[in-house]
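Trainee: Could you take me closely through the nonpolar core of this protein, and then set it against what lies at the surface?

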Amino acid sequence: MKKMIIIFAILSIMVSIGLVYLGVKARTTGIPIFSSYYIINNKMFGEPMDVRSWVTPNEPAIKEVAKEFQTGEKIATITKAYNWLEENYHYDIDDWIILNNGRIIIKGGTDSWALPVFTLAQKHQNGSIYVDCEDGTFILVSLLRSLGIEAYANVGTVSLNGSIYGHAWVTVNLDNKEYLLETTLGQSLAELKPVPSFYKTDVKFNEKDVIAITGVDINKEIYPPLPPARLDELKDALKN
């Protein structure tokens, strides 16, 4: 009997420690325990998916492409991966279809999210494609994560001259500092810069972690996507 009491006490302590850890983890990430906060609806074939599903560093096609950018030095590796993306992909809002024998089988719709391997396949078929901010973000984060870089996809807003737009972008952490990789610019990376104050992250994530920054429900589209016509304003703002 005494032995059973001791075992029960040990188990109770272990459960308590586990719950304390989960509570600390939840406060650190801003995500309530057992929350479905990071389940995204209607972004891929209309089905709900875990947001982490869009970062895929272990996909064979992603790993194969990532090999081209490995240099042994993190900043040089990041620069090569980023420049490859900017040379091959061009920013536009969603307006894509997939045909089968001339019939539409998939249509992009408003703010659809493409998996990185799908974006990569379009590039292989067409040589150069147009993608929106989150598609470029997801494939770049996937490539960087495949190369061992601490990278995150960010979903939130960007403010330009009094207007607020829904947006997505990449951040990388180097030496405990966070840097911006803006995938919509179509230009080479000159240097790594911190994330400007006019970027506001609601949720950041990779294939392992989700960090809720503001608690905003990203399933609800509050602001319109950044129009391609305003890219020059974004470029000017990032120069300052």
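Mentor: Of the protein's 240 residues, 43% count as buried, and since this is a predicted model, everything that follows describes computed coordinates. The chain holds 6 helices and 12 strands, and among the contacts between residues at least 6 apart in sequence, 63% join residues at least 24 apart.

Turning to the core itself, the largest nonpolar one comprises 58 residues, of which Ile-78, Leu-144, Val-172, Leu-181, Phe-205 and Leu-234 touch the most other members. Helix H5, spanning residues 133-146, contributes 7 residues, the largest share of this core. One of the residues that touch the most other members, Phe-205, deserves a closer look: once its neighbours within four places in sequence are left aside, Phe-205 is in contact with Val-51, Arg-52 and Val-55, with Phe-138, with Tyr-152, Ala-153 and Val-155, and with Val-210.

At the surface, the protein exposes about 13,400 Å², and carbon and sulfur atoms supply 55% of that area. A nonpolar patch there, of about 270 Å², is made by Ile-164, Ile-222 and Tyr-223. Tyr-223 sits in the loop that runs between strand S12 (210-212) and helix H6 (231-239). Its relative accessible area is 35%, so Tyr-223 is classed as partly exposed, and because patch residues must have over 30% relative accessible area, that value of 35% lets Tyr-223 meet this requirement.

Terms used: Residues are numbered from 1 along each chain as its sequence is written. This is a predicted model: local features need pLDDT of at least 70, side-chain atom pairs count only at pLDDT 80 or more; totals for chains, interfaces and linings use all residues. Side-chain values use heavy atoms; hydrogens and water are left out. Patches are made of residues with over 30% relative accessible area and no salt bridge: like charges are joined within 9 Å, nonpolar side chains (Val, Leu, Ile, Met, Phe, Trp, Tyr) within 5 Å. Accessible areas come from the Shrake-Rupley method with a 1.4 Å probe; for residues, only the protein chains shown count as cover. A salt bridge is a side-chain nitrogen of Lys or Arg within 4 Å of a carboxyl oxygen of Asp or Glu. Helices (H or I, at least four residues) and strands (E, at least two) are DSSP runs, numbered from the N terminus. Buried means under 20% relative accessible area, exposed over 50%, partly exposed in between (1.4 Å probe, protein chains only). A nonpolar core is a set of buried Ala, Val, Leu, Ile, Met, Phe, Trp, Tyr and Cys residues joined through side-chain atoms within 4.5 Å. Contact means heavy atoms within 4.5 Å.
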